[in-house]
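The following dialogue examines which criteria lie behind the terms used for a structural model. Each reply sets a value against its definition.

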Protein chains: 2
Amino acid sequence: MSIKTVSRVVNNEVSVSPATRTRVKRSISELDYVLDTRARALKSGVPDAVGVLVDTIADPFFSSLVGAIEDRALEDGLSVIFASTGFDSDRERDQLLRLTGQRVRGIILAPVAQDHSYLGRYRSTMPVVMIDRRTEGFDSVVVDDEKATRGAIEGFISRGHTRIAFVGRDERFSTVIQRAHGYDQVLIKHNIEVDPAMSPPSAAETDSAKSVTTMLLSLPQPPTAIFAANPRSGMGVVEALHGLNRTDVALISFGDFSLAGALKPGVTCIGQDPHRIGVAALERLTQLMDSPETAPEEILIETELLQRGSGELLPPRGSKG
Amino acid sequence: MSIKTVSRVVNNEVSVSPATRTRVKRSISELDYVLDTRARALKSGVPDAVGVLVDTIADPFFSSLVGAIEDRALEDGLSVIFASTGFDSDRERDQLLRLTGQRVRGIILAPVAQDHSYLGRYRSTMPVVMIDRRTEGFDSVVVDDEKATRGAIEGFISRGHTRIAFVGRDERFSTVIQRAHGYDQVLIKHNIEVDPAMSPPSAAETDSAKSVTTMLLSLPQPPTAIFAANPRSGMGVVEALHGLNRTDVALISFGDFSLAGALKPGVTCIGQDPHRIGVAALERLTQLMDSPETAPEEILIETELLQRGSGELLPPRGSKG
DNA sequence: TTGAAAGCGCTACCAG
DNA sequence: CTGGTAGCGCTTTCAA
């Protein structure tokens with residue numbers, strides 16, 4: 001019984017006599033033998049893991065996403081090597097190099113850095129699919145930030161709002177920039193003044209959203225509706241609104257968050273399905289692993305407006321508009 | 001310039017002349033050479049990854065935990081191979097075998113199955129540290145569920161509550177069983193009847209907690225205080241309480257959740273710090289990797305009562321008690 | 001300071 | 001149906 005025969009049994013190859021097969025299998029379980037998949041990958045040249053690199057796993061959006069990727073990867077017998085960038089370009093680069101060193105089969109990345117040209121040399125053997133944010137020249141799985149935002153703002157306007165604030169205008173996130181752009185577009189289209197005071201620059205984080213909201217409501221002409229640029233901002237706006245007993249102010253948040261439906265009124269959110277995004281990214285990655293020469297593609301995942309009450313509030317009577 | 005010299009440069013070994021070193025480094029960057037860490041691990045026998053296996057990454061507790069582990073692992077130059085059990089014993093076993101096949105250096109596991117004896121053979125080379133739930137014969141990093149719960153229930157009683165409900169009594173989770181045990185203990189100690197109607201068995205999930213709460217409040221003698229067995233239950237109780245406008249009912253939830261502080265009243269939670277748990281687990285794992293023969297240890301992480309209002313509510317006047 | 005050779009555990013290729 | 005041999009990319013040991 002040679003080493004090669006064992007290999008054949010382990011890989012379920014056909015040309016092994018039933019008797020030998022049984023004998024090998026018995027030894028395997030007696031010895032608790034476990035095949036070393038790294039050595040297999042080293043020899044065969046086909047890695048058995050994919051790398052996933054996101055901002056931070058503490059973000060519910062990304063944690064759901066990673067969960068979906070893992071489930072899908074398991075079906076293909078792939079392991080998931082997880083890493084995070086912490087929003088830091090240098091760290092992103094380090095992590096990318098580490099993943100390269102692990103010879104992962106491909107990488108799913110939420111990009112932070114602007115320039116990913118240094119990935120070029122590896123892309124033929126190790127494809128990269130961007131998620132959440134697109135990058136020129138790479139495949140990406142994203143949602144239409146601008147369009148979804150336009151829809152939300154149009155909704156406000158159709159209900160009579162004209163003082164509409166945008167909270168969380170954070171220039172560091174390309175997604176947020178696009179959402180802000182959508183917001184601007186719609187106001188202009190409806191001949192509503194784009195008042196900078198209504199969309200002050202600020203970090204798209206819970207705390208700053210909270211203070212920005214408080215500030216907005218103390219303005220001489222406060223907003224009657226607020227659009228939150230991302231879930232963290234949304235939660236901050238909620239905290240402020242509830243703290244000030246101003247739940248009469250309309251609110252739509254980009255990105256769902258837990259308990260959004262439990263609040264009164266329920267918080268209307270633009271939902272992006274992390275599960276679909278994750279699965280689409282991994283499937284695209286699999287395609288690229290099979291045919292690396294495919295031209296980069298942008299895969300759009302539909303968003304859904306989760307109407308729960310806060311987004312459907314009308315402006316108070318007598319408010320200008 | 002031999003392959004060995006390159007190896008020396010890559011590993012920052014001393015015995016290389018500066019000139020050679022420079023020359024090698026230049027070639028490395030010109031060729032975009034990246035060391036294959038799998039091959040290195042194969043040869044050296046020292047794996048460069050740890051495995052993390054939790055229920056589901058979608059749970060904020062675990063996602064924070066995994067994030068903390070990853071940060072800490074990065075400091076040691078370790079990669080994190082992530083996997084989830086989905087609460088399923090068979091899947092747990094499969095995943096564990098997969099991680100073994102990857103020859104990870106050690107595993108951090110939130111155990112689901114009762115019997116982990118099949119890990120025995122590997123433990124000498126691949127230590128295992130349990131998190132969240134303890135397992136006989138294994139190292140574990142946990143919180144004192146019973147004690148923390150006792151403290152919360154004592155708090156209710158000291159404020160005059162006698163009708164105290166326990167929502168989310170789910171026999172599948174050993175942690176929840178211990179919390180329920182702590183609850184029982186305190187009631188008995190204070191000669192309060194342990195009414196089964198006040199702690200009905202149910203899944204420790206948001207939806208069932210919501211319906212159980214609704215049911216409890218419709219009882220002839222409804223509870224004046226509720227203890228939620230875990231964050232998901234806590235959110236369910238919140239949804240019910242807010243839906244029924246019964247925010248006068250006191251509530252303490254085991255495990256913090258987002259927006260808990262934004263609600264009115266803020267939800268008092270027993271906070272368990274996922275960051276500390278994760279770091280402690282990885283550090284213990286590192287110890288075990290160095291000295292595998294150490295006797296199993298139980299590491300207790302302190303909890304913190306986050307008083308935000310809901311846990312400090314008094315029973316209504318005239319309520320019996 | 002540098003290099004040659006062996007071998008980690010596996011599979012591809014070719015023989016028997 | 002079964003087995004030997006070579007070699008994946010690296011490090012270790014010993015020698016120059």
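The questions below concern the chain contacts, the symmetry, the shared sheet and the DNA surfaces of this predicted model.

Q: What makes a feature of this predicted model eligible for discussion, and how are its parts labelled?
A: In this predicted model local features need pLDDT of at least 70 and side-chain atom pairs count only at pLDDT 80 or more, whereas totals for chains, interfaces and linings use all residues. Residues are numbered from 1 along each chain as its sequence is written, while chains are lettered from A and ligands numbered from 1 in the order in which they are written.

Q: How many residues of chain A and of chain B are in contact, and what makes a pair count?
A: Two residues are in contact if their C-beta atoms, placed from the backbone, lie within 7 Å. By this criterion 40 residues of chain A are in contact with 40 residues of chain B. Elements of chain A that each supply at least two residues of that side are α3 (37–44), α4 (60–75), β2 (79–84), α5 (89–101) and α9 (231–243); helices (H or I, at least four residues) and strands (E, at least two) are DSSP runs, numbered from the N terminus.

Q: Why is the relation between chain A and chain B that of a two-fold axis?
A: Chain A superposes on chain B by a rotation of 180° with 0.0 Å of shift along its axis, at an RMSD of 0.0 Å; the fit is by least squares on the C-alpha atoms of residues with pLDDT of at least 70 in both copies. That is therefore the relation of a two-fold axis. Of the residues of chain A, Ile81(A) comes closest to the rotation axis, its C-alpha at 2.2 Å. The same surface serves both copies, since 100% of the contact residues of chain A recur in chain B.

Q: How do you know that β2(A) and β2 of chain B pair?
A: Strands pair if DSSP finds at least two bridges between them. Three bridges link β2(A) to β2 (residues 79–84) of chain B in the antiparallel sense, and the criterion is met. Within β2(B), Ile81(B) is the bridge partner of Ile81(A).

Q: Why is the sheet called open, and which strands stand at its edges?
A: The open sheet has 12 strands with mixed pairing, in the order β10(A)-β5(A)-β4(A)-β3(A)-β1(A)-β2(A)-β2(B)-β1(B)-β3(B)-β4(B)-β5(B)-β10(B). β10 (298–301) of chain A and β10 (298–301) of chain B each have a single partner strand, so one side of each is left without a neighbour in the sheet. On average, neighbouring strands are turned by 20° against each other, direction ignored.

Q: Which residues come nearest to DNA strand D, and what makes a residue near?
A: A residue is near a strand if its C-beta atom, placed from the backbone, lies within 6 Å of it. Around DNA strand D there are 22 residues, of which Ser15(A), Lys43(A), Ser7(B), Asp36(B) and Arg40(B) come nearest. The most is given by α3(B), with five residues.

Q: Which residues are closest to DNA strand C, and what classes make up the surface near DNA strand C?
A: DNA strand C is surrounded by 22 residues, the closest being Ser7(A), Ser15(B), Ser17(B), Thr20(B) and Lys43(B). Here α3(A) gives the most, with five residues. By class, this surface has eight nonpolar, eight polar and six charged residues; Ala, Val, Leu, Ile, Met, Phe, Trp, Tyr, Cys and Pro count as nonpolar, Asp, Glu, Lys and Arg as charged, and the others, Gly among them, as polar.

How values were computed: Axes fitted to C-alpha atoms, helices over the stretch in contact; angles between N-to-C directions.
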